[in-house]
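User: Please teach me how to read a protein model, beginning with its open spaces and moving on to its interior.

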Amino acid sequence: MQPVEIVKDLWWVGAVDWNNRDFHGYMLAPAGTTYNAFLLKDDVTVLFDTVKEGFGEEMLCSIARLTGGKGIDWLVVNHVEPDHAGALPQMIEALKPKKVICSPMGEKAIKTYFSCADWPLQVQADGTSLSTGKRTLIFLETRMLHWPDNMATYIPEDRVLVSSDAFGQNWATAERFADQVDEHDLERHLRTYFANIVLPYAEIARKVMCRVDEACRDVEYILPDHGLMYRGRKWIEWVNEKYQGYVEQKTRNKAVIAYDTMWHSTESMAMAIAEGLVEEGIEIRMMSVKANHHSAIMAELMDAKAFLVGSPTHNNGMLPFVAGLLRYVGGLKPKGKLAAAFGSYGWSGEAVKHIEEALTGMKMEIAAPGMRLINRPNHAQLKACKEFGQTVGKAILAANG
Ligand code: FEO
């Protein structure tokens, strides 16, 4: 893609990865992603971040258009994860920066990711700044958002925050700014990204937001490392408000029913439970773990009040996709959820107990004791499943007021 000028002399020079579906190696990116990088042409020329390996040539072309092939003075590494630093060795080789600027933790990460003995590394402590001539770069550590090395860079003269992983979304588009795309689609991608990447660090995100708020009064532009950029106070407030809701883990009267099934008995239970929830006025998401990637389930779970998980018993436990989902969700540490387990069994029937243990291990509150039944549900049992759904539905309404 062509460079895009954001403010005078500050350009987007990243890459659009239209066909990426496997983001960071564990998350589905159904609409692709972008690797955002930025070039500032002041008295010194500064490149902020790079792109994933394989996109370096494209990025070098964009930079050459703006510099006439002259190289750069400084390269700021806000984040060392390989989708932003994969092309770093190629950039250093081609553009010969006099400084490669990073956070203290960034230095450690760079030294363990790359052969960098001859790189001109310069570590900037949190809150320190450098002048590029007419502008100032203020470096703000954003540790654990979402790696220890993350930092953001603020340019007060232009009111621009290069925010790294914070405020990103996975969405490959020809448009570069939030105000050019559909707001609801943008919110869905923002929420999905937060749920799967930022959620375990929600408390850190809250502190970082306060910090950024103090340090970056009246920010007019937020430039994340992935997806659309935000320009104008309306969009800055929009994204801040969304993040506030995510950080507080606000929920709706909504339940995610995630299940696997062998001969459709557990699936029939899920359907009957769903009916009970719907009867109580609860919005539901029926999500077979075979038909839905764990990151898609997590994206739906983030604003749901209840998580209902079903599996038949197989070899004295739950089915493996259900176990994988529970491991994944547990790692993301969602807070304030109600939960319930269900499943059919043929003879031993341990799955429901194991699911309940996993859910309580995540500090979820069990809204109804686990429901299990042998082989195939009969009419009376399906009625009981519906009542089980109603019980969970009432608990959701009571909890959400
Ligand atoms: Fe896409 Fe933490 O980086």
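Analyst: In the lining of the largest pocket, helix α8 (265-279) and strand β21 (338-345) each supply at least two residues; helices (H or I, at least four residues) and strands (E, at least two) are DSSP runs, numbered from the N terminus. This is a predicted model, in which local features need pLDDT of at least 70 and side-chain atom pairs count only at pLDDT 80 or more, while totals for chains, interfaces and linings use all residues. Residues are numbered from 1 along each chain as its sequence is written, and side-chain values use heavy atoms, with hydrogens and water left out.

User: How is a pocket told apart from a cavity, and how much space lies in the largest pocket?

Analyst: On a 1 Å grid over the protein atoms alone, a cavity is a set of points where a 1.4 Å probe fits but cannot get out, whereas a pocket is an open set with protein on both sides within 12 Å along at least five of seven lines, and lining residues have an atom within 4 Å of a point. The largest pocket holds about 340 Å³ of space, a volume being the space filled by probe spheres set on the points, which are joined across faces, edges and corners. Its lining has 18 residues, of which Met262, Thr313, Tyr345, Gly346 and Trp347 are the closest to its centre. By class, 5 of the lining residues are nonpolar, 12 polar and 1 charged, where Ala, Val, Leu, Ile, Met, Phe, Trp, Tyr, Cys and Pro count as nonpolar, Asp, Glu, Lys and Arg as charged, and the others, Gly among them, as polar.

User: How many cavities are there, and what lines the largest cavity?

Analyst: The count comes to 2 cavities of 30 Å³ or more. The largest cavity, with about 60 Å³ of space, is lined by Met27, Leu28, Ala29, Pro30, Ala31, Asn170, His189, Thr192 and Tyr193. Helix α5 gives the most to this lining, with 3 residues, and the lining of the largest cavity divides into 6 nonpolar, 3 polar and no charged residues. The second largest cavity has a volume of about 30 Å³, and its lining includes Thr142, Leu161, Phe167 and Val212.

User: Which residues touch the most other members of the largest nonpolar core?

Analyst: In soluble globular proteins, nonpolar side chains tend to be buried together. A nonpolar core is a set of buried Ala, Val, Leu, Ile, Met, Phe, Trp, Tyr and Cys residues joined through side-chain atoms within 4.5 Å, and buried means under 20% relative accessible area, exposed over 50% and partly exposed in between (1.4 Å probe, protein chains only). Here the largest nonpolar core has 63 residues, and Leu186, Phe194, Tyr230, Phe307, Leu326 and Leu359 touch the most other members. A second, separate core of 30 residues includes Val51 and Leu88.

User: How many aromatic pairs are found, and what do they look like?

Analyst: Rings of Phe, Tyr and Trp (its six-membered ring) pair if their centres lie within 6.5 Å, and planes under 30 degrees apart count as stacked, over 60 as edge-to-face and the rest as tilted. The whole structure has 12 aromatic pairs, among them a tilted one between Tyr113 and Phe114, at 6.0 Å centre to centre with 40° between the planes. Tyr113 is partly exposed at 44% relative accessibility, whereas Phe114 is buried at 15%. Phe194 and Tyr246 also form a tilted pair, with 5.2 Å between centres and 50° between planes. Because Phe194 lies in helix α5 and Tyr246 in helix α7 (residues 233-247), this pair ties together parts that are 52 residues apart in sequence. Phe194 is buried, with a relative accessible area of 0%, and Tyr246 is buried too, with 6%.
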